[in-house]
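Student: Could you walk me through this model with me asking as we go? I'd like to begin with what you count as nonpolar, polar or charged.

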Amino acid sequence: MTLTFPDVSISTERLVLRPYDESDVPAHVEMMNDELVVAWTDAPHPYTTAHARQWVRRAAPAQRTAGRGLVLAVTEFLTQRLVGTVRLGRTDWTVRSAEIAYVTAPWARGEGYATESVLAVARWLFSEQRFERLEMRTAAGNSAAQQVAQKIGCISEGVLRNAWIARAQTEDGGWTDIRTDLIVWSLLPEDLEGGNGRYSDARYPSYTDWD
């Protein structure tokens with residue numbers, strides 16, 4: 001029997017994390033074509049409506065039904081506007097571990113939404129799903145993503161050298177692939193329980209507002 005995450009919705013004070021639906025397609029296309037998303041993810045570029053529909057209808061739901069992970073659209077509680085996405089992957093049901101990744105829409109950066117949504121999923125994963133480890137990998141140059149990892153209490157475990165291909169913008173406005181290191185972060189249930197006030201609810205583009 002394939003183990004799977006439940007078809008879940010997670011709420012915070014400002015956000016609702018839920019499965020994608022068809023109405024999210026236009027906002028998802030806009031978000032995935034943002035220069036920071038192009039630089040720091042492996043999403044197709046340019047990202048088209050066809051890509052988004054395939055993601056919403058098939059790829060995202062299949063992550064859950066196949067037992068590989070979970071994909072949630074992050075929306076504002078008051079407006080239902082798409083804030084971003086959080087994804088669990090590399091799920092190991094024996095070890096009870098998973099890797100988390102996120103994207104934040106450009107209009108929503110600087111509000112702490114990334115920290116809030118990732119922390120909400122972490123708490124749910126540990127308390128409701130009894131997982132024992134959550135991992136995050138951030139590109140060496142993506143300091144804002146590293147700050148999100150630190151804000152939720154992750155511990156840096158080391159560097160995977162030359163392990164990722166990011167994209168950098170060229171002088172003519174195009175994009176070129178570049179190799180980069182990955183920093184590995186981990187979060188365990190006791191890291192959240194301890195608290196101690198640690199948790200607050202070529203040319204790279206600027207990444208200072210990635211949160």
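Tutor: Ala, Val, Leu, Ile, Met, Phe, Trp, Tyr, Cys and Pro count as nonpolar, Asp, Glu, Lys and Arg as charged, and the others, Gly among them, as polar. Please keep in mind that this is a predicted model.

Student: OK, so how does the lining of the second largest pocket divide by those classes?

Tutor: In that lining there are nine nonpolar residues, one polar residue and two charged ones. The residues concerned are D7, V8, P19, Y20, V56, A60, P61, R64, T65, L70, V71 and L72, and the elements that contribute two or more of them are α3 and β3 (70-76).

Student: Which element gives the largest share there?

Tutor: Helix α3 does, with five residues of the lining of the second largest pocket, and the space in that pocket comes to about 170 Å³.

Student: And what volume does the largest pocket have?

Tutor: The largest pocket has a volume of about 910 Å³, and 32 residues line it, with T41, D42, R87, A101 and W164 lying nearest its centre. Two or more lining residues come from each of α1 (25-32), α3 (49-65), β4 (82-92), β5 (97-104) and β6 (133-139).

Student: How many of its lining residues are nonpolar, polar and charged?

Tutor: The lining of the largest pocket divides into 17 nonpolar, nine polar and six charged residues.

Student: Switching to the backbone: which peptide bond is cis?

Tutor: The bond from H45 to P46 is cis, its omega being near 0°, and P46 sits in the loop between α2 (35-40) and α3.

Student: What about phi of R90 and of R96?

Tutor: For R90, in strand β4, phi is near 50°, which is a positive value in a residue other than glycine. R96, in the loop between β4 and β5, also is a residue other than glycine with positive phi, in this case near 60°.

Student: Are those two side by side in accessibility terms, or how would you class each, buried, partly exposed or exposed?

Tutor: R90 is exposed because its relative accessible area is 59%, and the cut-off for that class is over 50%, whereas R96, at 23%, counts as partly exposed.

Student: Now charges. How many salt bridges does a search of the whole structure find?

Tutor: The search finds 10 salt bridges. One of them joins the side chains of E22 and R57, at 2.9 Å from N to O; since E22 lies in the loop between β2 (15-18) and α1 and R57 in helix α3, the pair ties together parts that are 35 residues apart in sequence.

Student: How accessible are E22 and R57?

Tutor: E22 is partly exposed, with a relative accessible area of 38%, and R57 is partly exposed at 47%.

Student: What about the pair D21 and R18?

Tutor: Their side chains meet in a salt bridge at 3.8 Å, N to O. D21 counts as partly exposed at 32%, while R18, at 18%, is buried.

Student: And which residue does E99 bridge to?

Tutor: E99 forms a salt bridge with R137, the closest N and O atoms being 3.7 Å apart. Because E99 lies in strand β5 and R137 in strand β6, this pair ties together parts that are 38 residues apart in sequence. E99 is buried at 15% relative accessible area, and R137 is partly exposed at 30%.

Student: Which residues do shared partners join into one network?

Tutor: R90, E99, R133, E135, R137 and E157 are joined into one network by salt bridges that share partners.

Key
Residues are numbered from 1 along each chain as its sequence is written. This is a predicted model: local features need pLDDT of at least 70, side-chain atom pairs count only at pLDDT 80 or more; totals for chains, interfaces and linings use all residues. Side-chain values use heavy atoms; hydrogens and water are left out. On a 1 Å grid over the protein atoms alone, a cavity is a set of points where a 1.4 Å probe fits but cannot get out, and a pocket is an open set with protein on both sides within 12 Å along at least five of seven lines; lining residues have an atom within 4 Å of a point. Grid points are joined across faces, edges and corners, and a volume is the space filled by probe spheres set on the points. Helices (H or I, at least four residues) and strands (E, at least two) are DSSP runs, numbered from the N terminus. Buried means under 20% relative accessible area, exposed over 50%, partly exposed in between (1.4 Å probe, protein chains only). A salt bridge is a side-chain nitrogen of Lys or Arg within 4 Å of a carboxyl oxygen of Asp or Glu.
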